[in-house]
Amino acid sequence: QLEFVESGGGLVQPGGSLRLSCTGSGRPLNAPFIGWFRQAPGKEREGISCLSLESGDSKYADSVKGRSTTFTDSLKTTVYLEVNNLQPEDSARYYCATGPYGGLGYCPLARSDYHTWGRGTLVTVSS
């Protein structure tokens, strides 16, 4: 059964950076794509990035575009999300997830396209 574990969250000052990790319990991520989502208290879960593990294509939401990068290692055991210039509005629980294969380079940001989720890692941006 596919399982994801997120890590790398914590407390960071405004303007700082974080690198979040998503692993498949030490095994290669057997998934067509890995998306990163975040959810702040009282808000909807927001898709912020996606990486196609097949094609290497990536996609970002406007809220993080230009200050975020998602990438994987050579063995595709971990997918990372780096976010720079963090602000208090970036505070949320961050999740990685995957969904059904949709073709080469398919990489959605809609929550409805995902069916397997990790438990998340908490990011708090505060001075």
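Where is R67 found, in terms of the strands around it? I started my notebook with this one, keeping in mind that the model is predicted.

**Entry 1: R67**

I placed R67 in the loop between β6 (58-60) and β7 (68-72). Next I asked whether this arginine is buried or exposed. R67 comes out at 18% relative accessibility, and since buried means under 20%, R67 counts as buried. I then looked for a partner for its side chain and found D90, joined to R67 by a polar contact of 2.7 Å between the two side chains. I also listed what R67 touches once its neighbours within four places in sequence are set aside: E82, V83, N84, N85, L86 and D90. D90 thus turns up in my notes both in that contact list and as the polar partner.

**Entry 2: the disulfides**

How many disulfides does the structure hold? I found 2.

I took C22 and C96 to begin with, where the S to S distance is 2.1 Å. The angle about the S-S bond is 75 degrees, and I noted the link as right-handed. C22 belongs to strand β3 (residues 18-23) and C96 to strand β9, so this bond links distant parts of the chain, 74 residues apart. I checked burial too: C22 has a relative accessible area of 0% and is buried, and C96 is buried at 0% as well.

Then I turned to C50 and C107, whose sulfurs are 2.0 Å apart in a disulfide. Here I read -100 degrees about the S-S bond, a left-handed link. C50 sits in strand β5 (residues 46-52) while C107 sits in the loop between β9 and β10, so the bond ties together parts 57 residues apart in sequence. C50 is buried at 0% relative accessible area, and C107 is buried at 4%.

What pattern do the disulfides follow, with bonded cysteines counted along the chain? I wrote down 1-3, 2-4.

**Entry 3: aromatic rings**

I searched the whole structure for aromatic pairs and got 7. One of them is F33 with Y114, an edge-to-face pair with 5.3 Å from centre to centre and 85 degrees between the planes. Why does this pair tie together parts that are far along the sequence from each other, 81 residues apart? I traced F33 to strand β4 (residues 33-39) and Y114 to the loop between β9 (92-98) and β10 (116-117), so the two rings come from separate parts of the chain. Both ends went into my burial list: F33 is buried at 1% relative accessibility, and Y114 is buried at 7%.

From Y114 I moved on to W117. Their ring centres are 6.0 Å apart with the planes at 50 degrees, so I logged the pair as tilted. W117 itself is partly exposed, with a relative accessible area of 24%.

Which residues form one aromatic cluster? I noted F33, F37, Y95, Y106, Y114 and W117.

**Entry 4: arginines over rings**

My last look was at charges placed over ring faces. R45 lies over the face of W117, 4.8 Å from the ring centre, so I added this arginine beside my note that W117 belongs to the aromatic cluster. R19 lies over the face of Y80, at 5.4 Å from the ring centre.

Conventions:
Residues numbered from 1 in each chain as written. Predicted model: local features only at pLDDT ≥ 70, side-chain atom pairs only at ≥ 80, totals over all residues. Heavy atoms only, no water. Phe/Tyr/Trp six-rings, centres within 6.5 Å; stacked < 30°, edge-to-face > 60°. Helix = DSSP H or I, 4+ residues; strand = E, 2+ residues; numbered from the N terminus. Buried < 20%, exposed > 50% of the residue type's maximum accessible area, 1.4 Å probe, protein only. Lys NZ or Arg CZ within 6 Å of the ring centre and 35° of its normal. Polar contact = N/O pair within 3.5 Å; in protein donor to acceptor, adjacent residues only side chain to side chain. Contact = heavy atoms within 4.5 Å. Disulfide = S-S within 2.5 Å.
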